[in-house]
Amino acid sequence: MLCPRCKVEMIEKDYRGLKIDRCQQCKGVWLDKGELDEVLLKKMGNIIDAGSISQAPTAPKTDVAFCRRCNNHPMIPMRGAGNVEFDWCDKCEGMWFDRGELTVLHYVKDE
Ligand SMILES: [Zn+2]
Ligand SMILES: [Zn+2]
């Protein structure tokens, strides 16, 4: 699958049996529907996302991410727990986390 932002082929990595697509260029993480629950359940948010909290983008994002699974359907910027930003596809319900965002969510959920 291509990266929603960089359009380069992402690398599928196996994290304790969970196959996660990750972009080597921008270090963003793609999660298919339901994968976020597993990531949080197994407390892997900070393992998968190599970015630290300080690397999470703070400025509001202006560039739209596009879901490569749904023929480049524009994704919807959302805010989750801890005010974490991510992008969500309303067609396949996949999620896109920019570098650092999944780490933020990991620590929010841990509290
Ligand atoms: Zn990328
Ligand atoms: Zn989609």
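Leaving aside its neighbours within four places in sequence, which residues is L36 in contact with? The exercises below lead from this residue to the cores, the strands and the metal sites. The model is predicted, so local features need pLDDT of at least 70 and side-chain atom pairs count only at pLDDT 80 or more, while totals for chains, interfaces and linings use all residues. Side-chain values use heavy atoms, with hydrogens and water left out; residues are numbered from 1 along each chain as its sequence is written, and chains are lettered from A and ligands numbered from 1 in the order in which they are written.

**Exercise 1. The contacts of L36 and the nonpolar cores**

Task: List the contacts of L36, then place this residue in its core.

Solution.
Step 1. Contact means heavy atoms within 4.5 Å. With neighbours within four places in sequence set aside, L36 touches L31, M95, F97, L102 and L105.
Step 2. A nonpolar core is a set of buried Ala, Val, Leu, Ile, Met, Phe, Trp, Tyr and Cys residues joined through side-chain atoms within 4.5 Å. Buried stands for under 20% relative accessible area, exposed for over 50%, and partly exposed for values in between (1.4 Å probe, protein chains only).
Step 3. The largest nonpolar core holds 17 residues, and those touching the most other members are I20, L31, L36, V39, I48, F97 and L102.
Step 4. At least two residues of this core come from each of β2, β3, α1 (35-41), β8 and α3 (101-110). Helices (H or I, at least four residues) and strands (E, at least two) are DSSP runs, numbered from the N terminus.
Step 5. Another core, of 11 residues, lies apart from the largest one and includes W30, C67, C70 and M75.
As background, nonpolar side chains tend to be buried together in soluble globular proteins.

**Exercise 2. The strands β1, β2 and β3**

Task: Determine how many bridges join β1 to β2 and how many join β2 to β3.

Solution.
Step 1. Two strands pair if DSSP finds at least two bridges between them.
Step 2. β1 and β2 run antiparallel and are joined by 5 bridges; within this pairing, Y15 has L18 in β2 as its bridge partner.
Step 3. β2 and β3 also run antiparallel, with 2 bridges. Here D21 is partnered by W30 in β3.
Step 4. Of the 5 residues of β2, 4 are buried, so that the strand is mostly covered.
Step 5. The hairpin of β1 and β2 has 2 residues between the strands, and R16 takes a positive phi near 45° there. R16 is exposed, at 55% relative accessibility.
Step 6. The hairpin of β2 and β3 has 6 residues between the strands, and K27 takes a positive phi near 65°.

**Exercise 3. The zinc ion (ligand 1)**

Task: Identify the donors of the zinc ion (ligand 1) and explain why their arrangement is tetrahedral.

Solution.
Step 1. Donors are N, O and S atoms within 2.8 Å of the metal (3.2 Å for Na, K and Ca); water is not among the atoms, so sites may look incomplete.
Step 2. The SG atoms of C3, C6, C23 and C26 coordinate the ion at 2.2 to 2.3 Å.
Step 3. Four donors count as tetrahedral if all angles lie between 85 and 135 degrees. The 4 donor atoms subtend angles of 105 to 115°, and the arrangement is therefore tetrahedral.
Step 4. Along the chain, the donors follow the spacing C-x2-C-x16-C-x2-C. C3 lies in the segment before β1 (11-15) and C23 in the loop between β2 (18-22) and β3 (29-31), so this pair ties together parts that are 20 residues apart in sequence.
Step 5. C3 is buried, at 0% relative accessibility, and C23 is buried with a relative accessible area of 0%.

**Exercise 4. The zinc ion (ligand 2)**

Task: State which residues coordinate the zinc ion (ligand 2), and decide whether C92 is buried, partly exposed or exposed.

Solution.
Step 1. C67, C70, C89 and C92 each coordinate the ion through SG, at 2.3 Å.
Step 2. The angles subtended by the 4 donor atoms are 107 to 112°, which makes this arrangement tetrahedral.
Step 3. The donor residues are spaced C-x2-C-x18-C-x2-C in sequence. C67 in strand β4 (residues 66-67) and C92 in the loop between β7 (85-88) and β8 (95-97) are 25 residues apart, and the pair links distant parts of the chain.
Step 4. C67 counts as buried, at 0% relative accessibility, whereas C92 counts as partly exposed, at 23%.

Methods. Four donors count as tetrahedral if all angles lie between 85 and 135 degrees; four count as square planar and six as octahedral if opposite donors are over 155 degrees apart and all others between 65 and 115; anything else is irregular.
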